Amino acid sequence: MPDYDRLVACMAPSKTFNLAGLMISNVMIWDKELRAHWLDRHYNFDNPLSISAAQAAYEKGGPWLEKLRVYLDENFAFTREYLAEHLPTFFAYEAGVLLKGGNMFVQNSDCFIRLNLACPKVTLAEGLRRICQAVNTKHTEKYTKVE
């Protein structure tokens, strides 16, 4: 049990096991009063398909998850190499950006964005190509504009 009794931990198999669309998550609330407050206001819908899918993912999904981890590690390496080649200073080293509003995930991150690498490599490559094209075009326009 954590030292902080107002802690609420929320998890779901949807991201880890690519089970988007299933209406199931795990909510752990250690504080009894806070748990009662949440249960009093929460509409619980137990979808049998979602329960079975979550159970199967947690009990049998270990090998798939290990392959996913390897795949995502490769996506991180691919992204690092791609950005080092196509945007060596602006994006990778100077801007320090990651692509989605960082403030959606952590406080004091208004100047950062989040890039989701948990996707097929073809999708990642296309996204990176578009980012590079947009940034490189804007950068070139800025320095070649004649007034």
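Trainee: In this predicted model, how far apart along helix α4 are Glu66 and Arg69, in helical turns?
Mentor: Glu66 and Arg69 form a salt bridge, with their closest N and O atoms 2.7 Å apart. Both residues lie in helix α4, three residues apart. That spacing means that they are separated by about one helical turn.

Trainee: Is Glu66 buried, partly exposed or exposed?
Mentor: The partly exposed class lies between under 20% for buried and over 50% for exposed. Arg69, the partner of Glu66 in the salt bridge, has a relative accessible area of 44% and falls in that class. Glu66 has 42% relative accessibility, so Glu66 counts as partly exposed.

Trainee: Which residue meets Arg129 in a salt bridge?
Mentor: Side chains of opposite charge can pair when their charged atoms come close. The partner of Arg129 sits three residues apart from Arg129 in helix α6, so about one helical turn separates them. The N to O distance is 2.8 Å, and the partner is Glu126.

Trainee: What is the relative accessible area of Glu126?
Mentor: Arg129 is partly exposed, with a relative accessible area of 37%. Glu126 is also partly exposed, because its value is not under 20% and not over 50%. For Glu126 the relative accessible area is 28%.

Trainee: How many salt bridges are there by this rule?
Mentor: One of them joins Glu66 and Arg69, and another joins Arg129 and Glu126. Asp40 also forms a salt bridge with Arg41, with the closest N and O atoms 3.2 Å apart; Asp40 and Arg41 are exposed. The count comes to three.

Trainee: Which helix gives the most to the largest nonpolar core?
Mentor: The largest nonpolar core has seven residues: Tyr82, Leu83, Leu117, Cys119, Leu124, Leu128 and Cys132. Helices α4 (62–86) and α6 (121–144) each supply at least two residues of this core. The helix that gives the most, with three residues, is α6.

Trainee: Is Thr79 buried or exposed?
Mentor: Thr79 is placed in helix α4. Leaving out residues up to four places away in sequence, Thr79 touches Leu115, Leu117, Leu124 and Leu128. Leu117, Leu124 and Leu128 are among the residues of the largest nonpolar core. At 7% relative accessibility, which is under 20%, Thr79 counts as buried.

Trainee: How many disulfides does a search of the whole structure find?
Mentor: A disulfide is a covalent bond between the sulfur atoms of two cysteines. Among the cysteines, Cys10 counts as exposed at 57% relative accessibility, whereas Cys119 is buried, with a relative accessible area of 18%. For disulfides, the search of the whole structure returns zero.

Trainee: Is the pair of Phe17 and Tyr58 stacked, tilted or edge-to-face?
Mentor: A search of the whole structure finds three aromatic pairs. In the pair of Phe17 and Tyr58, the ring centres are 5.9 Å apart and the planes stand at 90 degrees. Planes over 60 degrees apart meet the angle criterion, so the pair is edge-to-face.

Trainee: How many residues apart are Phe17 and Tyr58?
Mentor: Phe17 is in the loop between α1 (13–16) and β2 (26–29), while Tyr58 is in helix α3 (residues 48–60). The pair links distant parts of the chain, with a separation of 41 residues.

Trainee: Which residue joins Phe17 and Tyr58 in a cluster linked by ring pairs?
Mentor: Phe17 is buried, with a relative accessible area of 13%. Tyr58 counts as partly exposed at 43% relative accessibility. The cluster linked by ring pairs holds Phe17, Tyr58 and Trp64, so the residue asked for is Trp64.

Trainee: What distance separates the C-alpha atoms of Phe45 and Met23?
Mentor: Phe45 is found in the loop between α2 (32–41) and α3, and is partly exposed, with a relative accessible area of 39%. Along the chain, Phe45 and Met23 are 22 residues apart. Their C-alpha atoms are separated by 8.0 Å.

Trainee: What pattern does the protein chain follow along the sequence?
Mentor: The secondary structure comes to six helices and two strands. Read along the sequence, the pattern is β-α-β-α-α-α-α-α.

Trainee: What share of the accessible surface belongs to carbon and sulfur atoms?
Mentor: Of the 147 residues in the protein chain, 20% are buried. The accessible surface of the chain comes to about 11,500 Å². The share belonging to carbon and sulfur atoms is 57%.

Notes:
Residues numbered from 1 in each chain as written. Predicted model: local features only at pLDDT ≥ 70, side-chain atom pairs only at ≥ 80, totals over all residues. Heavy atoms only, no water. Core = buried A, V, L, I, M, F, W, Y, C linked by side-chain atoms within 4.5 Å. Buried < 20%, exposed > 50% of the residue type's maximum accessible area, 1.4 Å probe, protein only. Helix = DSSP H or I, 4+ residues; strand = E, 2+ residues; numbered from the N terminus. Contact = heavy atoms within 4.5 Å. Phe/Tyr/Trp six-rings, centres within 6.5 Å; stacked < 30°, edge-to-face > 60°. Disulfide = S-S within 2.5 Å. Salt bridge = Lys/Arg side-chain N within 4 Å of Asp/Glu carboxyl O. Areas by Shrake-Rupley, 256 points an atom, 1.4 Å probe, with all protein chains shown as cover.
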